[in-house]
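Here's a model to poke around in. Load it up, and let's go looking for enclosed empty space and then for a helix with two sides to it.

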Amino acid sequence: MKNKDYQWTFEKFLERFEAIEKDLKLDESIIKGVPWWDKLRNELFIELLIKLGLKKTFEKNETLNFWKFCQKKILNIIYVLKNLIKLFLPKSPFWIKKNSNLILGHPRRKFEKGVYVDIYTDPFIELFPKTFNFSVIERDEGNNHLSPTKTKSIYHGEIIYNIANIISKIRRIKFNKSEFQKISQFEKILYDEFFFQVDIKKKVKQTIKNWLGYYQIMRLFFKFKKPKILFVVVSHSQEAIISAAKSLGITTVELQHGSPSRGKLNYDYTSGIKKNSFPEFFLSFGDYWSSNCKFPLNKNKIISFGYPYLYSKLNSYSNIMKEDRIIIVSQGTEILAKFAKDLGKYFSKQIIVEYKPHPKEFYENEPSYFTELRDAGVVISDKKADLYEIFAKSRWQVGIYSTALFEGLYFGTACFILNTVGSERVKNLIELDLARLISKPNDIDLNWKVNLKETNKIFLKPSKKNLESFISLMK
């Protein structure tokens, strides 16, 4: 046990967290039929990282008074009622054809050539013969379902998810003696180790209630629709849905969308514990990712499939000439914004310094630091700017651990990693000399170039061979 002033590093905290979950055998704890640690594990890990100052997060400055709180509650009720009314409208999942291939898509779309594109599912669907019937269920994450879309068979998930949420809310969970003791023990250990009072009992109850609501309604839905395969773009937070599909013998497959790495506990199971609600197959961008961390899958279930969207963009921007431009890839915190400001002042008019905001930075009013960036001579990318196009004309990029940094390498954009919380996630990239760790503007070597030969295992180009191999595997 450490004292209260002990300075945790990411690596030490990760090591201790994994030791605790293994010692307590949390993956074996089943309450009301729910493997609650499957879902709570990553959420709790991130929460503790933030409390320890080992992870920064984007925070909205929102203070709710009583009337605003009431207004928000009323709007939520109206939203739920509207979706219940939509149960029998054309975009309801109830209209999905039986025996189709279902995809739980990604809600963040990009506007390209007059349509909104899901960069993970649309190019994937296009690889398959027309005889394959795909239906996409999409979540609404505040964008009200952007349209028109490239893929036409899109159905609105919240129409059915709201029913699951209602079931969750009316559930009552009571622990038996042994369950209560185990959770209390876990709660005490967390306090003794990290000196934070975390209400684990409340979190476990909420996790179980949420799980049971989604599991029951989605199992009924799958039983009725009988999908051949369930593809998911983001498995985390959808464990109950995946488990419902697996309970009926439906093949479950995750399409890679981010950058699994050591310490990203929605994918990294180096501690040796199990996750039963993980998809049966994982279609990775390339060979690099399966060696980057230990998945809760046998290696023969991790298939290096490729990244079709990236390669389509490489072709689109192959004729763009490089400029003396450095792009800062934001991740929604002010750390990179401050560094961009320092870069703007350091390089002055020598090179173009461009700051590409994270989508979260556009959610509400423009952040105040945007003005400071402009005053320092930094160009702020337009909200609709294509990051790949910016990569194509930039010689250098700076970030912390965004997946986009890996993609930038394929455009010949030399990569620099800011030495701050989170940079440990791209440790392998630095060790392979595909990125360099920096702490201040003058650490940037403008003469350094990307060795494109060394990047070939990160993102593969989808081939007819591996597509046919995957199709035969699914039959």
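What follows is a short walk through the cavities and then one helix. Keep in mind that this is a predicted model.

Let's start with the voids. Rolling a probe the size of a water molecule over the atoms shows where empty space is left. Searching the whole structure turns up two cavities of 30 Å³ or more. The largest cavity holds about 110 Å³ of space. Its lining includes the aromatics Tyr120, Phe124, Phe285, Phe305 and Tyr307, along with Ile119, Leu255 and Leu283. Sort that whole lining by type and you get nine nonpolar residues, two polar and no charged.

The second largest cavity comes in at about 30 Å³. Ser259, Ser261, Lys264, Asn292, Tyr401, Phe406, Arg425 and Val426 line it, and they split into three nonpolar, three polar and two charged.

Now on to helix 11, residues 334-347. How far apart should its ends be? At 1.5 Å a residue, its 14 residues should span 20 Å, and the end C-alpha atoms are indeed 20 Å apart, so the two agree.

Which residues of helix 11 are buried? They are Leu336, Ala337, Phe339, Ala340, Leu343, Gly344 and Phe347. Looking down the axis of helix 11, these buried residues fall within an arc of 165°, so they line one face of the helix. Among the elements covering them are strand 10 (323-329), strand 11 (352-356) and helix 12 (369-375). On the face turned away from the buried side of helix 11 sit the exposed residues Glu334, Lys338 and Lys345. Just past the end of helix 11, serine 348 adopts a positive phi of about 45°.

Methods. Residues are numbered from 1 along each chain as its sequence is written. This is a predicted model: local features need pLDDT of at least 70, side-chain atom pairs count only at pLDDT 80 or more; totals for chains, interfaces and linings use all residues. Side-chain values use heavy atoms; hydrogens and water are left out. On a 1 Å grid over the protein atoms alone, a cavity is a set of points where a 1.4 Å probe fits but cannot get out, and a pocket is an open set with protein on both sides within 12 Å along at least five of seven lines; lining residues have an atom within 4 Å of a point. Grid points are joined across faces, edges and corners, and a volume is the space filled by probe spheres set on the points. Ala, Val, Leu, Ile, Met, Phe, Trp, Tyr, Cys and Pro count as nonpolar, Asp, Glu, Lys and Arg as charged, and the others, Gly among them, as polar. Helices (H or I, at least four residues) and strands (E, at least two) are DSSP runs, numbered from the N terminus. The expected span of a helix is 1.5 Å times one less than its number of residues. Buried means under 20% relative accessible area, exposed over 50%, partly exposed in between (1.4 Å probe, protein chains only). The arc is that of the directions from the helix axis to the C-beta atoms. Contact means heavy atoms within 4.5 Å.
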